[in-house]
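Biologist: Before we look at anything in detail, could you show me how to read a model of this kind, one feature after another?
Modeller: Gladly; let us put it on the screen and begin with a pair of strands.

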Amino acid sequence: MKLTSFYKILTLVVFIFSFGIALSQEHNTREVSDESHQDTDKESKFDITSMIMHHISDSHEFHVYGNNEDSFPKSLTVALPVILWTGNGLVTFMSSEFHHNDDGTYLVEKKGLKFAKNHGKIYEVKGSEIAMDEHHHPTDSKPLDFSITKNVFVLFLSAIFLILIFGAAGRSYGKNGTGAPKGIAKFVEPLVLFIRDEIAIPNIGEKHYKKYIPLLLTIFFFVWLNNIFGLIPFFPFAANVSGNIAFTLTLSVIVFIVVNVSGNKNYWKHIFWMPGVPIPMKIFLAPIEVIGMFVKPISLTIRLFANITAGHIIVLSLIGLIFVFKSVAVAPVSVMFTLFISIIELLVAAVQAYIFTMLTSLYIGSAIEEEH
Amino acid sequence: MIGIAALGAGLAAIGAGLGIGKIGGSAMDAIARQPEMQSKIQSTAIILAALIEAVALFAVVVSFLYK
């Protein structure tokens, strides 16, 4: 049937591009500035920048509490597996073998190769220590990093959550038929109907919305759940998944592919040869429309990434103020502000998921629109 | 130059403030005219605010990249 083969292609695309998430970890938008290495003040000023960057970026281990010098129970770090594809084949070990070393001085030897971790990235070290250039950036090559990092772990966790919740809801419809829903379906049904009636049908139309509703529902609930998980500060949820540009970029690439694969003749005509305008305008508009074709998914990427990351930075800065001023008196004010901002962040989590889904359905609708 | 990335982010915040302020003003006027449409207008206003916020955050991302 035409419907199931479309589902198969869509599932294959999503599956292939989910490797994109696993491949591109440790994606900081800026390198931690090297000035933060010099802590030569007498009172060792609290470095709030590196604290914030540490909490926002991905990492090979879950740092639950405490500082790394103490052992359990004074401090707890959950190590995650490191999986590397090198010239000698697949190398796997636990990230605890690095012994919390993050500046490239501790080497782990596996399968005849030596690895060191510098600022969260793993390098294949040729000599006796990691090679740096004059700007203090490592020059060694990096193996392909397929590790289960914090973000990958929470991605799997939220995927399992969604499978459990929606699997149970779907099965309860099989058992109850067309009566009132029971159990978790009672919670899920208004949300699904909201997406179908307010987002899918108005933008895509009655005839074709069924093909795209799985994509829209997945995007909405996956983004919303990952936004919420980013706000929970304790293990195992404390990872900034939707603030990782690789995650949002992968979702946007999927949207780009779906929109352009389902574009009909009318859609491509509007891009390359806009009807209803004089010929010089048609030629002028074509490159602009092509750029627009790429800019729309890029704006989806940056919108979600920047909103979520900015929210996390605000919360971390407010809590970090307590440590910058080194006084307990700041704590009540800081926590009040943080509470207020966190409530706004909950709203932002839902609204950004809604906007991503709505814009996706808008782009799909414009791709399958018939001539009018 | 000193702190020019922070200056850029501040200008982006001004833009966001102006844009969202205008939405808030129009929403208030609309609710005053038709109080029975309040919830619809409110949800539309929040969505538009998020879209405008996104443009300001594009500028913040650029200032991140500069630093």
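Modeller: Please keep in mind that this is a predicted model. As an entry point, take A:Trp85, whose bridge partner in E4(A) is A:Leu90.

Biologist: How many bridges join strand E3 of chain A to strand E4 of chain A, and do the two run parallel or antiparallel?

Modeller: The general idea is that two strands pair if at least two bridges are found between them. Here 6 bridges join strand E3, residues 81-86 of chain A, to strand E4, residues 89-94 of chain A, and the strands run antiparallel. With 2 residues between them, E3(A) and E4(A) form a hairpin.

Biologist: And when several strands come together, as in the sheet with E5, E6 and E7 of chain A, which strands stand at the edges?

Modeller: One reads the order of the strands before turning to the edges. This sheet is open, has 3 strands in the order E5-E6-E7 of chain A, and shows antiparallel pairing. Strand E5 (108-110) and strand E7 (121-125) of chain A each have a single partner strand and stand at the edges, so one side of each is left without a neighbour in the sheet. From one strand to the next the twist averages 35°. In the pairing of E5(A) with strand E6, residues 113-118 of chain A, there are 3 bridges in the antiparallel sense, and A:Lys110 stands opposite A:Leu113 in E6(A).

Biologist: What should I look for in the loop between E5 and E6 of chain A?

Modeller: Backbone torsions are a good place to look, together with the surroundings of the residue. A:Lys111 is found in that loop between E5 and E6 of chain A, and its phi is near 55°, a positive value in a residue other than glycine. Because it has 14 C-beta neighbours inside 10 Å, A:Lys111 counts as partly exposed.

Biologist: Where does A:Lys326 lie, and is A:Lys326 buried or exposed?

Modeller: A:Lys326 lies in the loop between helix H8 (279-325) and H9 of chain A, and its phi, near 50°, is again a positive value in a residue other than glycine. A residue counts as exposed if 12 or fewer other C-beta atoms lie within 10 Å of its own; A:Lys326 has 10 such neighbours inside 10 Å and therefore counts as exposed.

Biologist: Why does A:Ile195 count as buried?

Modeller: The count of neighbours decides this too: A:Ile195 has 21 C-beta neighbours inside 10 Å, and therefore counts as buried. The residue is placed in helix H4, residues 184-204 of chain A. Leaving aside residues up to four places away in sequence, A:Ile195 touches A:Ala200, A:Leu216, A:Leu217, A:Phe220 and A:Thr357. Although A:Met358 is 163 residues apart from A:Ile195 along the chain, their C-alpha atoms are separated by 8.7 Å.

Biologist: How would I put such a residue into the setting of chain A as a whole?

Modeller: One turns to totals for the chain. The secondary structure of chain A comes to 9 helices and 8 strands, and buried residues make up 28% of its 372 residues. Of the contacts in chain A between residues at least 6 apart in sequence, 57% join residues at least 24 apart. Chain A is also divided into domain 1 (81-147) and domain 2 (151-368), and the centres of these two domains, taken over C-alpha atoms, are separated by 34 Å.

Biologist: Turning to the two chains, how many residues of chain B are in contact with chain A?

Modeller: There are 13 residues of chain B in contact with 10 residues of chain A. On the side of chain B that touches chain A, the residues divide into 11 nonpolar, no polar and 2 charged.

Biologist: At what angle do helix H9 of chain A and helix H2 of chain B pack?

Modeller: Helix H9 (residues 330-367) of chain A and helix H2 (residues 38-66) of chain B pack at an angle of about 80°, and their axes are 10 Å apart. Angles of 65 to 115 degrees count as roughly perpendicular, and H9(A) and H2(B) are therefore roughly perpendicular to each other. By class, their contact has 6 nonpolar, 1 polar and no charged residues. A:Val351, A:Gln352 and A:Ile355 in H9(A) meet B:Ile46, B:Ile47, B:Ala50 and B:Leu51 in H2(B).

Biologist: How many C-beta neighbours does B:Ile46 have inside 10 Å?

Modeller: B:Ile46 has 17 C-beta neighbours inside 10 Å, and so counts as partly exposed. From C-alpha to C-alpha, B:Ile46 and B:Gly24 are 9.1 Å apart in space, while they are 22 residues apart in sequence.

Technical notes. Residues numbered from 1 in each chain as written. Chains lettered and ligands numbered in written order. Predicted model: local features only at pLDDT ≥ 70, side-chain atom pairs only at ≥ 80, totals over all residues. Helix = DSSP H or I, 4+ residues; strand = E, 2+ residues; numbered from the N terminus. Contact = placed C-beta atoms within 7 Å. Nonpolar A, V, L, I, M, F, W, Y, C, P; charged D, E, K, R; others polar. Axes fitted to C-alpha atoms, helices over the stretch in contact; angles between N-to-C directions. Parallel < 35°, antiparallel > 145°, perpendicular 65-115°, else oblique. Domains from an automatic or database assignment. Buried ≥ 20, exposed ≤ 12 C-beta atoms within 10 Å, placed from the backbone.
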